[in-house]
Amino acid sequence: RVFLRAINQYADMLNKKFLDQANFELQLWNNYFHLAVAFLTQESLQLENFSSAKRAKILNKYGDMRRQIGFEIRDMWYNLGQHKIKFIPEMVGPILEMTLIPETELRKATIPIFFDMMQCEFHSTRSFQKFENEIITKLDHEVEGGRGDEQYKVLFDKILLEHCRKHKYLAKSGETFVKLVVRLMERLLDYRTIMHDENKENRMSCTVNVL
């Protein structure tokens, strides 16, 4: 809780002193996002790994601090305005890590950042190729590391499709991208599930699907 308060004070200072065009400090903002995501993903805050009694006790006393800092990260991202492009694709991995945390409200609040990144890169270069390559690479790594689940796949699909379909220029390419990532996620989750299967044919079939 002390760390959370300190990070929030750091965020206030960034917004007040280091956001406008003349005083913008890329490294400070970068440090903020990495620090906040490291705080959110630390082992001692992953409540689903605790017994129900311990989880209830922590929630009762502190609430879910991952949700608190996650909403703050989201707000800080949107505060960046025209500076956002400087954080693409480098910030895709940390944001993905945050959205993969198995907390539904946090996921719903932060997955839309991906659409914002797509939109931002598209306005700058007329494509979102860097973003797309980065999320595919990082997703592979994260799912292999045990993160991600069926609910995440469904939310990713639903939220990003809704956003893309409302956008004049990203409707078609956005939908193709979302379907590609969802299909990849399906294959990666299958592959992860079957990795410990005794049946070599099943393992081989899943490997071929991923490839």
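Contact here means heavy atoms within 4.5 Å. Keep that cut-off in mind as you click around, and remember that you're looking at a predicted model.

**Stop 1: Gly148.** Select Gly148, in the loop that joins helix H8 (129-144) to helix H9 (150-165). Is Gly148 buried or exposed? With a relative accessible area of 10%, Gly148 falls under the 20% cut-off, so it counts as buried. Now bring up its partners: skipping neighbours within four places in sequence, Gly148 is in contact with Leu100, Leu189 and Arg192. Add Thr99 too and draw a C-alpha to C-alpha distance: you should get 9.1 Å to Gly148, across 49 residues of sequence.

**Stop 2: the largest pocket.** Keep Gly148 selected, since it is one of the residues lining the largest pocket. Add the rest of the lining: Thr41, Gln46, Glu48, Asn49, Glu97, Leu100, Ile101, Pro102, Gly146, Arg147 and Asp149. Leu100, a contact of Gly148, is in that lining as well. The space in this pocket comes to about 240 Å³. Colour the lining by residue class and you'll get 3 nonpolar, 5 polar and 4 charged.

**Stop 3: helices H1 and H4.** Next, select residues 2-17 (H1) and 65-79 (H4). Their axes sit 11 Å apart and cross at about 10°. That angle is under 35 degrees, so the pair counts as roughly parallel. To see the contact itself, show Leu4, Ile7, Asn8, Ala11, Leu14 and Asn15 on H1, then Met65, Gln68, Ile69, Glu72, Met76 and Asn79 on H4. By class, this contact has 7 nonpolar residues, 4 polar and 1 charged.

Notes. Residues numbered from 1 in each chain as written. Predicted model: local features only at pLDDT ≥ 70, side-chain atom pairs only at ≥ 80, totals over all residues. Heavy atoms only, no water. Helix = DSSP H or I, 4+ residues; strand = E, 2+ residues; numbered from the N terminus. Buried < 20%, exposed > 50% of the residue type's maximum accessible area, 1.4 Å probe, protein only. 1 Å grid on protein atoms, 1.4 Å probe; cavity = no way out; pocket = protein on both sides within 12 Å on 5 of 7 lines; lining within 4 Å. Points joined across faces, edges and corners; volume = space filled by probe spheres on them. Nonpolar A, V, L, I, M, F, W, Y, C, P; charged D, E, K, R; others polar. Axes fitted to C-alpha atoms, helices over the stretch in contact; angles between N-to-C directions. Parallel < 35°, antiparallel > 145°, perpendicular 65-115°, else oblique.
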